[in-house]
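Thanks for making the time this morning. I would like to walk you through one chain, beginning with the overall picture and then moving on to its helices and its aromatic rings.

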Amino acid sequence: MVTSNLNRFFASALKYDLEMLLLATEDKLFQRLNSEIKGRWARPPENQNQNSPPVRIVEELFLRERKKGYRKTIDAPAILKKASLEEVLFDKGGNAQCPAFQEMLDWVGEKTGVPAY
């Protein structure tokens with residue numbers, strides 16, 4: 001049963017939509033931007049509305065702070081490889097930053113028997 005469920009799980013679904021995770025790792029994002037300026041967006045980051053999705057916020061930050069565009073397949077991995085999973089999931093106060101992402105990780109852990117964190 002687990003095998004059939006996992007055959008339908010495509011981990012690559014997050015390959016191009018990592019911006020919500022970038023907003024959750026605010027310190028690492030601003031290190032990449034070489035900026036001290038903090039951003040303003042909904043908390044938790046997954047609660048952005050359709051008019052201002054995480055990708056648009058990240059694109060605007062890159063244009064404003066670096067004067068060049070955000071390169072999804074270069075910048076996102078560079079930022080996230082410096083962040084721990086705990087930084088993505090929890091803010092400095094220990095509150096959940098990405099509850100839906102955390103729920104998905106919990107589901108995968110339950111199905112595979114391998115907890116993510």
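**A walk through the chain**

Of the 117 residues in this chain, 36% count as buried, and I should say at once that what you are looking at is a predicted model. The chain contains seven helices and zero strands, so if you read along the sequence you meet the pattern α-α-α-α-α-α-α. Among the contacts with a separation of 6 or more, 59% are between residues 24 or more positions apart. As for the surface, the chain exposes about 7600 Å², and carbon and sulfur atoms supply 53% of that area.

Let me turn to helix H4, which runs from 54 to 66. Its 13 residues should span 18 Å at 1.5 Å a residue, and because its end C-alpha atoms are indeed 18 Å apart, the two values agree. The buried residues here are Pro54, Val55, Ile57, Val58, Leu61 and Phe62, and since they cover an arc of only 160° around the axis, they sit on the same side of H4. Why should a spacing like that be expected to gather residues on one side? An α-helix has 3.6 residues a turn, so residues three or four places apart point the same way. On the face turned away from the buried side of H4 you will find the exposed residues Glu60 and Leu63. The cover over the buried residues of H4 includes H2, H3 and H5, and after the helix comes Lys67, whose phi is positive, near 60°.

Helix H5, residues 72–80, has Asp75, Ala76, Ala78, Ile79 and Leu80 as buried residues. These pack against helix H2 (19–24), helix H3 (26–32) and, once again, helix H4.

Moving towards the end of the chain, helix H7 covers residues 99–112, and its 14 residues reach 20 Å from the first C-alpha to the last, close to the 20 Å expected at 1.5 Å a residue. Phe101, Gln102, Leu105, Val108 and Gly109 are buried in H7, and because these residues fall within an arc of 120° when seen down the axis, they line one face of the helix. The face of H7 turned away from that buried side carries Glu103 and Glu110, both exposed. What do the buried residues of H7 pack against? Their partners are H2 and helix H6, residues 85–89. Just after H7, Gly113 takes a positive phi of about 80°.

Finally, the aromatic rings, where a search of the whole structure finds two pairs. One is formed by Phe30 and Trp41, whose rings are stacked, with 6.3 Å from centre to centre and 5° between the planes. This pair links distant parts of the chain, with Phe30 in helix H3 and Trp41 in the loop between H3 and H4, 11 residues apart. Phe30 counts as buried because its relative accessibility is 2%, and Trp41, at 10% relative accessibility, counts as buried too. In the other pair, Phe62 and Tyr70 have their ring centres 5.1 Å apart and their planes at 50°, so the pair is tilted. Phe62, which we met among the buried residues of H4, has a relative accessibility of 0% and therefore counts as buried, while Tyr70 counts as buried at 12%.

Terms used: Residues numbered from 1 in each chain as written. Predicted model: local features only at pLDDT ≥ 70, side-chain atom pairs only at ≥ 80, totals over all residues. Heavy atoms only, no water. Buried < 20%, exposed > 50% of the residue type's maximum accessible area, 1.4 Å probe, protein only. Helix = DSSP H or I, 4+ residues; strand = E, 2+ residues; numbered from the N terminus. Contact = heavy atoms within 4.5 Å. Phe/Tyr/Trp six-rings, centres within 6.5 Å; stacked < 30°, edge-to-face > 60°. Areas by Shrake-Rupley, 256 points an atom, 1.4 Å probe, with all protein chains shown as cover. Expected span 1.5 Å × (residues − 1). Arc of directions from axis to C-beta.
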